Amino acid sequence: MILRAKGIVAGRDGEWIHFDYVPEETSVRNGSAGVIGRLCVIGSHINEAAIEALFA
């Protein structure tokens, strides 16, 4: 169960994708980034391997 997720990840065309997630509400937009992307997921019984595969 994921209670909250947010992050900045590299897109395919050199753009950066910013996202925020809480149950029943999602926000995704393009924007600038710092030196590296970041990702934070808060919840219980999180399948870390599945999340890593999404962003690999």
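**Close-up views of a predicted four-strand model**

**View 1. P23, a partly exposed residue at a turn.** In this predicted model, P23 is partly exposed, with a relative accessible area of 46%. That value lands in the middle class because buried means under 20% and exposed means over 50%. Look for P23 in the loop between β2 (16-22) and β3 (25-31). Leaving aside residues up to four places away in sequence, P23 touches I2 and L3. R4 is worth picking out as well: P23 and R4 sit 19 residues apart in sequence, yet their C-alpha atoms are 7.4 Å apart in space.

**View 2. The hairpin that holds P23.** Stay at this loop and take in the strands on either side of it. The hairpin of β2 and β3 has two residues between the strands, and E24 takes a positive phi near 70° there. The two strands pair in the antiparallel sense, over seven bridges. Which residue of β3 is the bridge partner of F19? That would be V28. For another pair to look up, I17 stands opposite N30 in β3.

**View 3. The salt bridge between D20 and R29.** Now for the charged side chains. D20 and R29 meet through their side chains in a salt bridge, at 3.1 Å from N to O. The count for the model comes to one salt bridge. Are these two residues buried or exposed? Neither, as it turns out: D20 counts as partly exposed at 21% relative accessibility, and R29 counts as partly exposed at 38%. D20 misses the buried class because that class needs a value under 20%.

**View 4. The hairpin of β1 and β2.** Here is the other hairpin to look at. Strand β1 (residues 2-10) is joined to β2 by six bridges, and the two run antiparallel. To find your way along the pairing, start from I8, whose bridge partner in β2 is H18. Five residues lie between the strands of this hairpin, and G14 takes a positive phi near 85°.

**View 5. The sheet and its edges.** Step back a little to see how the strands line up. Four strands make an open sheet in the order β3-β2-β1-β4, with antiparallel pairing. β3 and β4 (38-43) stand at the edges with a single partner strand each, so one side of each has no neighbour in the sheet. From one strand to the next, the twist averages 10°. How many of the seven residues of β3 are buried? The number is zero, so β3 lies largely in the open.

**View 6. A nonpolar patch with L3 in it.** One of the residues that P23 touches, L3, turns up again here. M1, L3 and I42 form a nonpolar patch on the surface, and together they have about 330 Å² of accessible area. L3 lies in strand β1 and is partly exposed, with a relative accessible area of 47%. Patch members need over 30% relative accessible area, so L3 clears that cut-off.

**View 7. The chain as a whole.** Last comes the full chain, for context. It has one helix and four strands, and reading along the sequence gives the pattern β-β-β-β-α. The C-alpha atoms fill a box of roughly 30 × 25 × 15 Å, taken along the principal axes. Of the 56 residues, 11% count as buried. The accessible surface comes to about 4,600 Å², and 55% of that belongs to carbon and sulfur atoms. What about contacts across the sequence? Among contacts between residues at least 6 apart in sequence, 34% join residues at least 24 apart.

Notes:
Residues are numbered from 1 along each chain as its sequence is written. This is a predicted model: local features need pLDDT of at least 70, side-chain atom pairs count only at pLDDT 80 or more; totals for chains, interfaces and linings use all residues. Side-chain values use heavy atoms; hydrogens and water are left out. Buried means under 20% relative accessible area, exposed over 50%, partly exposed in between (1.4 Å probe, protein chains only). Contact means heavy atoms within 4.5 Å. Two strands pair if DSSP finds at least two bridges between them. Axes are lines fitted to C-alpha atoms, for helices over the stretch in contact, and angles run from 0 to 180 degrees between N-to-C directions. Patches are made of residues with over 30% relative accessible area and no salt bridge: like charges are joined within 9 Å, nonpolar side chains (Val, Leu, Ile, Met, Phe, Trp, Tyr) within 5 Å. Accessible areas come from the Shrake-Rupley method with a 1.4 Å probe; for residues, only the protein chains shown count as cover. A salt bridge is a side-chain nitrogen of Lys or Arg within 4 Å of a carboxyl oxygen of Asp or Glu.
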